[in-house]
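Let's take a walk through this structure together, starting in the sheet and ending at the ligand. Have the model open as you read.

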Amino acid sequence: MTDYRSLEKLPDTAGYKPGDVLVLVGELFGRGYANGLVEEARRIGMDVIGTTVGRRDSDGTLRPLTAEELAGAEALLGGSIINVPLEAGFDMEQVDGQPSVAEQLKKAKPDEWASISFSPDFIEKARSAGTARMRAALAQVMHQLASRIPSGANVLFAHSMAGGIPRARVFMPLLNRVFKGTGDKFLASEGFWNSDLGRLCDASFNEVTGDTFRYLIEESAALRGRLGAAGGQVRYAAYGYHGTAVLVGGEYRWQSYTPYVQGWAKMRLEDIAAEATGNGVVATVFNCPEIQTNSSALFLGVEISLYPLLSAIRNVAGERAAAPLFERCQAMLKEGETVEHLLERADAYLASPLLAGMLDFATWPHHSTREQMELMLASSAELLGMHADHKQLICAELSRIVFLSTGRLMVHASWNPGAAALWLSHDIIARLLHDELGTGII
Ligand SMILES: NC(=O)c1ccc[n+]([C@@H]2O[C@H](COP(=O)([O-])OP(=O)(O)OC[C@H]3O[C@@H](n4cnc5c(N)ncnc54)[C@H](O)[C@@H]3O)[C@@H](O)[C@H]2O)c1
């Protein structure tokens, strides 16, 4: 297991210079974490090259983006995109004439979830077909990169891929019960995880969230060698999640969203970075705080630990410097509600004895209990209910601050990281915002 190591001091300025290249491996969405990396890369004059996961036609065929889709994605990225589909996973793979996982699950009924099963042989064959497809696509991407990256340039490969819920209807109601269910609707994550459907998710998460980092590092070996021989430095950074230290009761304490069933795949990602580091490749997983993005929308309650970032910022910057941010947040609340009350309620949740069993780093990720889920979902609803308009949330503002801050920290820390896995806690984010390196974020 990876030792807990948080980034304790702000990184020195990285050696990237104008004309160096950030390669984003994973698509960019409007409020996604990778926006922070793109912003920082651009701020220091790097070029940004993006990738796509491609799209599926109605008959299931994986294809590159159309000209229109490509133009839209390039406009959002503000850079060119290599139009080779990098979709990871195996849910749509057909092997030996057998229907894909998604096809096999088409008629599955949610209430029969516990008895749905697959032949392990089939899953393994589908997985290896998906791996082969992904590796071949990455090789094509590297081929195109070789002609786009100037000789001698430094390159930062950034991995943002995560996911892997197989595309079958049966998962929607089940995962809603696992992540949002209370009372009779509550479904314990452990029971789900130990079913065949849970094992399928595990294999899929490992492939999409974890192993793609290995494929990236391996498929770019020749390019890395060529760039290195010409004097360029190549770095790899991946977004991880393994809990975050936030202020609880006035002290920084490591905590995590539960049930984060992707956690095993995220630890695999850390292992891949450690192995690459052992082989002399500079690869780091940056474990980032909980924020609201397209991907985390399913995990209602994940946002509660974001509120205390406000206290961290105020502690480091002082009341006066933090005042404009506090005022912006206050303006988002209903009349009669205050930021102080909101912070108290978030703290009461995070300090609850019901979560005590889930504060053990060594046994992460933890499974849900009914009491914990009911408390988390009720607290989440209470905090959301303090807002005047659900389209204007304090957590959206804090998420933006976090993705910009982590992007800045990751670009610079990736140059000389000193560890294969680093945690970016609320403490270092607050200190960044108070430092010259964090100028312009708040
Ligand atoms: N949101 C959070 O609270 C949080 C916290 C810590 C770390 N992270 C990590 O940050 C990274 C970016 O996530 P985000 O929250 O910004 O959400 P996002 O939805 O913006 O990004 C998800 C990424 O995963 C890629 N992806 C999804 N399915 C894929 C597939 N089948 N094959 C290949 N790529 C696929 C997407 O293209 C996209 O780049 C992820 O690794 C995520 O685990 C998120």
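## A starting point in the sheet

Which residue of β7 stands opposite Leu156? The partner is Arg235. Please keep in mind that the model you are looking at is predicted.

This pairing belongs to a parallel arrangement in which strand β6 (residues 155-159) and β7 are joined over five bridges. β7 also pairs with strand β10 (residues 282-287), again in the parallel sense, and here there are six bridges. Two positions help you to find the register: Ala238 stands opposite Val285 in β10, and Tyr236 has Ala283 as its bridge partner.

## How enclosed are these strands?

Strand β7 spans residues 234-240, and seven of its seven residues are buried, so the rest of the structure largely encloses it. In a regular strand, side chains alternate between the two faces of the sheet. For β7, both faces are covered. One side carries Val234, Tyr236, Ala238 and Gly240, while Arg235, Ala237 and Tyr239 sit on the other, and all of these are buried. Arg235, met above as the residue opposite Leu156, is thus part of a covered face.

β10 is largely enclosed too, because five of its six residues are buried. Moving on from β10, you reach strand β11 (residues 421-423), which pairs with β10 in the parallel sense over three bridges. There, Phe286 stands opposite Leu422 in β11.

## Three buried helix residues

Now for the helices. Ser204 is part of helix α7 (residues 196-219). With a relative accessibility of 4%, Ser204 counts as buried because the cut-off is under 20%. A polar atom of the Ser204 side chain lies 2.6 Å from the backbone oxygen of Gly164. Setting aside residues up to four places away in sequence, Ser204 touches Phe90, Gly163 and Gly164.

Glu40 lies in helix α1 (residues 34-43). Is Glu40 buried or exposed? Glu40 is buried, at a relative accessible area of 1%. Beyond residues up to four places away in sequence, Glu40 touches Gly407, Arg408, Val411 and His412.

Ala430 belongs to helix α15 (residues 426-434) and is also buried, with a relative accessible area of 1%. Leaving out neighbours within four places in sequence, Ala430 is in contact with Ala312, Ile313 and Val316. Ser311 is 119 residues away from Ala430 along the chain, yet their C-alpha atoms are separated by 9.2 Å.

## Around the ligand

How many residues surround the ligand? There are 25, and the closest are Glu27, Tyr33, Ala88, Thr293 and Ser295. Sorted by class, this shell has 13 nonpolar, eight polar and four charged residues.

Several oxygen contacts are worth a look in your viewer. A backbone N or O atom of Tyr33 lies 2.7 Å from an oxygen atom of the ligand. For Lys266, a polar side-chain atom is 2.8 Å from a ligand oxygen. Ile291 takes part through a polar backbone atom, which is 2.9 Å from an oxygen atom of the ligand. As for cover, the ligand on its own has 810 Å² of accessible area, and the protein covers 90% of it.

Terms used:
Residues numbered from 1 in each chain as written. Predicted model: local features only at pLDDT ≥ 70, side-chain atom pairs only at ≥ 80, totals over all residues. Heavy atoms only, no water. Helix = DSSP H or I, 4+ residues; strand = E, 2+ residues; numbered from the N terminus. Buried < 20%, exposed > 50% of the residue type's maximum accessible area, 1.4 Å probe, protein only. Contact = heavy atoms within 4.5 Å. Near = heavy atom within 4 Å. Polar contact = N/O pair within 3.5 Å; in protein donor to acceptor, adjacent residues only side chain to side chain. Areas by Shrake-Rupley, 256 points an atom, 1.4 Å probe, with all protein chains shown as cover. Nonpolar A, V, L, I, M, F, W, Y, C, P; charged D, E, K, R; others polar. Pairing = 2+ DSSP bridges.
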